[in-house]
Amino acid sequence: MKVPGTTHLDEPRDRAPDSTLMLVNDGYRFFLNRLNHHHQDVFETRLFGERAICMHGPEAARVFYDPERFGRSHAVPSRVQKTLQGQGGVQGLDGDAHRHRKAAFMRLMTEDRVADLVDLFERGWRDVLPRWELSDRVVLFEEAQELLCRAACTWAGIPLHDDEVPHRAQDMAAMVDAFGAVGPRHWRGRLARLRSETWMKRIVAAARSGHVETFEPSALHTFAYHRDLDGELLDTRVAAVEVLNVLRPIVAISWYVAFIAVALRDHPEWRDRIRSDAGGHESELFVQEVRRVYPLTPFVGARVRRSFEWHGHRFDEGTLVLLDVYGAHRDGRVWERPGEFDPERFRGWSSDGFDLIPQGGGDHYRDHRCAGEWITIALMKSAARLLCTTIKYQVPKQDLHIDLRRMPTAPRSGVVIDRVERVA
Ligand code: HEM
């Protein structure tokens, strides 16, 4: 990002005609591998059959979250819309239309409502402990998906029978698991989305016709009755996509639950700190460091709204631009000793909005920053506390490898625990 006066023709470029396969092969390290090679925070490549500019670093993040310069319409490849995100949802809106829809999400995120969700999750957790005690082995990643799915549906006002929980949870997880996939994993995600949208369209229609009761402020009520700026109710399918935009990412917190369990195993001194801390400060430090260190979101994408130049680089209207998220948390300009797991770095820390960005940067209301970030942090703190205070357990020998070439990645074994005993 140096040399003033250069044009995009002078930008460091990948030589390959299209780097999509390299992205699939390099996974989370796609940006870092190329940044080491190009020695710049910006480089140009071809991805998904089109020219793309890749950006890295805190300065780049600030520019990327300038809504005058970047928009989200058509920024996400259709294969990701057909699995992870759905079509017509808040992620692809810009300007006033975005702010209006986003405000509906943010109204669900009050302190009281977040506390209600944590409470549902904790009650569900306590309910399964007798079964865990009797089990030879418990796969935490899978168990967390079911617990989170159950809590999310109750919280969002979605009727769900007990026997539906496993396959609905699997579908939510399959949509997330498909985002960086080609082949069978991608197709599993597509089928999961089809099934989930069909299910949710039925529920939205039933809510609108009075066959399912709704309560305010729940996600079902909010999106069944939300009116866009034109004063019209959302199309049933779009309302379903938005309700799923609440349920699916809550289930995705299971990825973080698995990472928390690994971090607690590797840094057992934090177990005692979390156990003896009533105020939740220690668990806050711990989960922020888990969000920094463990990989979930690899990058985020946008399109140039209006052509501009930045540090000598030309950004032409319509160009796809990707911001490195994984690499942002390994940047020595922002984080001291970025390779070390050290929750202490967050004591007294305050964010400028563009440093810790596992769920996007900027402002929650104005920008596309994740609507569910406060929920995520609250549920992660709860999971860390529950793992430290409600049970004793062993982590038997297993393959906990986190493969950075797989997106999204998780500890390979799903984190098996055994000899679970409830703590009085
Ligand atoms: C595992 C935890 C989560 C991760 C890693 C995550 C990550 C992200 C990322 C990277 C973005 C895009 C940011 C951008 O484009 O700049 C995003 C957006 C979003 N997230 Fe999350 N998220 C999580 C949990 C949640 C939860 C719990 C909810 C809701 C309950 C949620 C709802 C949303 C919504 C609605 C958007 C779209 C926001 C917009 O376009 O304005 N997410 N999330």
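I count a residue as near a molecule or strand if one of its heavy atoms lies within 4 Å of it.

**Ground rules.** This is a predicted model, where local features need pLDDT of at least 70 and side-chain atom pairs count only at pLDDT 80 or more, while totals for chains, interfaces and linings use all residues. Numbering starts from 1 along each chain as its sequence is written, and side-chain values use heavy atoms, with hydrogens and water left out.

**Ligand shell.** I looked up what surrounds the ligand and found 29 residues, of which Y65, R72, H98, H368 and C370 come nearest. Next I checked polar contacts (pairs of N or O atoms within 3.5 Å; within protein, one must be able to donate a hydrogen and the other to accept it, and residues adjacent in sequence count only if both atoms are side-chain atoms). The side chain of R72 puts an N or O atom 2.5 Å from a ligand oxygen. For H98, a polar side-chain atom sits 2.7 Å from an oxygen of the ligand, and the side chain of H368 also has an N or O atom 2.7 Å from a ligand oxygen.

Which elements give two or more residues to this shell? They are helix 5 (95-106), helix 11 (236-266) and helix 14 (373-389); helices (H or I, at least four residues) and strands (E, at least two) are DSSP runs, numbered from the N terminus. Helix 11 gives the largest share, seven residues. I sorted the shell by class and got 16 nonpolar, nine polar and four charged residues. Here Ala, Val, Leu, Ile, Met, Phe, Trp, Tyr, Cys and Pro are nonpolar, Asp, Glu, Lys and Arg charged, and the others, Gly among them, polar.

**Iron.** I found a single protein donor for the ligand's iron atom: C370 (SG), 2.3 Å away. Donors are N, O and S atoms within 2.8 Å of the metal (3.2 Å for Na, K and Ca), and water is not among the atoms, so sites may look incomplete. C370 is in the loop between strand 8 (320-324) and helix 14.

**Cis peptides and a positive phi.** Most residues other than glycine have a negative phi, and most peptide bonds are trans. I noted a cis bond between E216 and P217, omega about -5°, with P217 in the loop between helix 9 (184-208) and helix 10 (219-225). Another cis bond joins M407 and P408, omega about -5°; P408 lies in the loop between strand 9 (391-394) and strand 10 (416-422). I also logged F48, a non-glycine residue with a positive phi near 50°, in the loop between strand 1 (42-47) and strand 2 (50-55).
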